[in-house]
Amino acid sequence: MSVRPHVKLTKRLGQHLLVDGTYLRKVAEGGDVGSMDLVLEVGPGTGNLTELLAGSAKRVLAVELDSRLYGGLKARFTDRFELFEGDILAGGRINPAVVARLPARWALVANLPYNVAGPVMVEAFYLANPPKFMCVTIQREVAKRIAAAPGGKTYGVLSVLLQAVADVKILATVPPGAFLPPPKVESAIIRMTWNAERAAKIKDRESFRDLAGRLFQHRRKTLRGGWLRMLGETERSRVAAGLERLGIDPVRRPETLTVEEVVGLADILGSLR
Ligand code: SAH
């Protein structure tokens, strides 16, 4: 069933085709694809996952960067299928030409190119029109970071940004042998379901992202010894008051802050502006 490529795959584009049917099905069936108006697939490659999606989705929009694959994809799929020939990212954000094609109810389902997986997931969930869910294959180590709880080494910006807007579940670990060619690392299938209630607690998403990024630059230092010292005099005393209001001890380190606490902090900082 899996189509092997006629072209030489390149590492630069993160080209590791998922060829094991069991895992392909787990990705395609990880979320309710049928209830979506469109499924966005980033990096269809030769179309092995696309084939399953085309069978269950109303419409598939596939975004592929490698022009050598266009002919094969267009020959293999005609119905309810659109190929966007280009890069999923533009200037670090989701390509606006792709965003313009997204309806209200859409999902991202893909074996993501690992070199852009992080930005694609975060940028998609921080669009004005975010996906209802994502079900994607990524490096196992990245999946662990996304799902991590506060306090550990793997907890960081990715955990905070994605858990603040979605329910995260790792569905399976995928061995290198499921791919062609096999990558050096283990992979995982992760599903993230948009949580509108939680996302609504973020008043200003840009300042929330900004704060999360700055906080974790000093993850090993206490708030007082790291992040707070980077602020100006007046801002610092007001933030200190805000920390007290939230019941956050300034001797804590950023990596111990819960997602809710970072959201609360961003709120206080936003109101200072
Ligand atoms: N989904 C396929 C292939 C996954 S490999 C499968 O499972 O078999 C990753 C794919 O993403 C490759 O086809 C690669 O060409 C494509 N790709 C890499 N970077 C991209 C980018 N920035 N935008 C769109 N596609 C990209």
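These notebook entries record what I looked up in one predicted model, with attention to its empty spaces, its ligand and two backbone features.

**Entry 1: the largest pocket**

I began with the largest pocket, for which I noted a volume of about 410 Å³. I then listed its lining, which comprises 30 residues. Those closest to the centre of this pocket are Leu-13, Val-42, Gly-43, Glu-64 and Pro-113. I next asked which elements supply at least two residues each of this lining. I found β1 (17–18), β2 (38–42), α2 (48–56) and β3 (60–64) in that role. Sorting the lining by class, I recorded 16 nonpolar, 10 polar and four charged residues.

**Entry 2: the ligand**

Where does the ligand sit? I found that the space taken by the ligand is the largest pocket. I counted 20 residues around the ligand, of which Gln-15, Gly-43, Glu-64, Asp-87 and Asn-111 come nearest. Gly-43 and Glu-64 thus appear here and also among the residues closest to the centre of the largest pocket. In the shell around the ligand, β1 and β3 each supply at least two residues. By class, I noted nine nonpolar, seven polar and four charged residues in this shell.

I then looked up contacts from the backbone to the ligand. For Leu-18, a backbone N or O atom lies 3.1 Å from an oxygen atom of the ligand. For Ile-88, a backbone N or O atom is 3.1 Å from a nitrogen atom of the ligand. For Leu-65, the distance from a backbone N or O atom to a ligand nitrogen atom is 3.4 Å. How much of the ligand does the protein bury? I recorded 570 Å² exposed for the ligand taken alone, of which the protein buries 99%.

**Entry 3: the second largest pocket**

I turned to the second largest pocket and noted about 190 Å³ of space. I listed its lining as Lys-11, Gly-14, His-16, Tyr-114, Asn-115, Gln-139, Pro-182, Pro-183, Lys-184 and Val-185. By class, I divided this lining into four nonpolar, four polar and two charged residues.

**Entry 4: cavities**

How many cavities of 30 Å³ or more does a search of the whole structure find? I recorded two. For the largest cavity, I noted a volume of about 40 Å³. I found it lined by Gly-14, His-16, Asn-111, Leu-112, Tyr-114 and Phe-179. Of these residues, Gly-14, His-16 and Tyr-114 also line the second largest pocket. Asn-111, also in the cavity lining, is among the residues that come nearest to the ligand. By class, I recorded three nonpolar and three polar residues in the lining of the largest cavity, with no charged residues.

**Entry 5: backbone features**

I looked up two features of the backbone. Which residues does a cis peptide bond join? I found Leu-180 and Pro-181 joined in this way, with omega about -10°. I placed Pro-181 in the loop between β10 (179–180) and β11 (187–194).

I then noted Arg-80, a residue other than glycine with a positive phi, near 50°. I placed Arg-80 in the loop between α3 (70–76) and β4 (81–85).

Methods:
Residues numbered from 1 in each chain as written. Predicted model: local features only at pLDDT ≥ 70, side-chain atom pairs only at ≥ 80, totals over all residues. Heavy atoms only, no water. 1 Å grid on protein atoms, 1.4 Å probe; cavity = no way out; pocket = protein on both sides within 12 Å on 5 of 7 lines; lining within 4 Å. Points joined across faces, edges and corners; volume = space filled by probe spheres on them. Helix = DSSP H or I, 4+ residues; strand = E, 2+ residues; numbered from the N terminus. Nonpolar A, V, L, I, M, F, W, Y, C, P; charged D, E, K, R; others polar. Near = heavy atom within 4 Å. Polar contact = N/O pair within 3.5 Å; in protein donor to acceptor, adjacent residues only side chain to side chain. Areas by Shrake-Rupley, 256 points an atom, 1.4 Å probe, with all protein chains shown as cover. Sits in = over half its atoms within 2 Å of the grid points.
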